[in-house]
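Open the model in your viewer and keep the selection tool at hand, since this tour moves from one selection to the next. At each stop, please select what is named and then look at what surrounds it.

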Amino acid sequence: RGKTAREATDDIINNHLPKLKELKLSGEIHVNNIDVFCEKGVFDLDSTRRILQAGKDIGLQINFHGDELHPMKSAELGAELGARAISHLEEVSDEGITAMARAKCAAVLLPTTAYMLRLKQPPARKMLEEGVIVALGSDFNPNAYCFSMPMVMHLACVNMKMSMNEALAAATINAAYALGKSDTHGSIQTGKQGDLIIINSSRWEHLIYQFGGHEALIDYVIVKGKVVYQNERCGTMSSY
């Protein structure tokens, strides 16, 4: 409050990040990623570059918001800086898509945002065809108040024309990749953290195909190999 974008950028680089580095080294906090909202009226491309580079210099992974409301060349910048992931990308350029594919920079697409804000959909099909690692997120926040990843996957299939297999991979292993955690999370494999759900259906696709009512579909939630949730109606209702 009370600062221009340039003043805020200088403050982040000269004060916030050095303090963050100090707190990390002392073990008081643990943080992996640095994020900037690269957008008109927020942080422009130059300010974004300066903040992200400064974060990278203290060992943070770059994972930021870009190309949401206006084409900002965020994708090109992220690829250049070696970003792990960029979120939104409704206004990404063709050149940005190509750059992200080459840099193995994940695109975190947020179908709830485009739906609720009536934005154009991010070009998921073009990204997939060009080899971009596509992840999905809920964008849970006051203007996209959605907890449900099954709903996110459903919207991705309907509005972004992803297949159910693509949506499942995007919400699991590719989402883990976007966080730098695909070696330990995101798929059911020996040696990885045992996080999974058990659904009451003969086909896994019902998790996406079914529109709402997932409280009747999910029987168990398992985290680190332990059951943390069991549906009281477990086994009494089922999908076809």
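Buried area is the accessible area, found with a 1.4 Å probe, that two parts lose on being put together, summed over both. Keep that meaning in mind for the second stop, and remember throughout that what you have open is a predicted model.

**First stop: the two domains.** Select residues 5-183 and give them one colour, then select residues 194-239 and give them another, because the domain assignment divides the chain into domain 1 (5-183) and domain 2 (194-239). The centres of domain 1 and domain 2, taken over C-alpha atoms, are separated by 29 Å.

**Second stop: where the domains meet.** Here 10 residues of domain 1 are in contact with nine residues of domain 2. Domain 1 and domain 2 bury about 810 Å² between them, and 83% of this area is on carbon and sulfur atoms. Now select Pro150, His154 and Met164, the residues of domain 1 that lose the most area to domain 2, and which together make up 60% of what that side buries. How many salt bridges does the rule find across the interface of domain 1 and domain 2? The count across this interface is zero.

**Third stop: the largest pocket.** Turn next to the largest pocket, which holds about 1300 Å³ of space. It is lined by 41 residues, and those to select are Met149, Ala171, Thr172, Ala175 and Gly186, the closest to its centre. Among the elements that give two or more residues to this lining are helix 7 (149-159), helix 8 (164-171) and strand 8 (218-223). The lining of the largest pocket divides into 26 nonpolar residues, 11 polar and four charged, and at least three of its residues come from each of domain 1 and domain 2.

**Last stop: a charged pair.** Side chains of opposite charge can pair when their charged atoms come close. The salt bridge count comes to 10. For one example, select Arg50 and Asp10, which form a salt bridge with their closest N and O atoms 2.7 Å apart. This pair links distant parts of the chain, since Arg50 is in helix 2 (residues 45-57) and Asp10 is in helix 1 (residues 5-26), 40 residues apart.

Note on methods: Residues numbered from 1 in each chain as written. Predicted model: local features only at pLDDT ≥ 70, side-chain atom pairs only at ≥ 80, totals over all residues. Heavy atoms only, no water. 1 Å grid on protein atoms, 1.4 Å probe; cavity = no way out; pocket = protein on both sides within 12 Å on 5 of 7 lines; lining within 4 Å. Points joined across faces, edges and corners; volume = space filled by probe spheres on them. Helix = DSSP H or I, 4+ residues; strand = E, 2+ residues; numbered from the N terminus. Nonpolar A, V, L, I, M, F, W, Y, C, P; charged D, E, K, R; others polar. Contact = heavy atoms within 4.5 Å. Salt bridge = Lys/Arg side-chain N within 4 Å of Asp/Glu carboxyl O.
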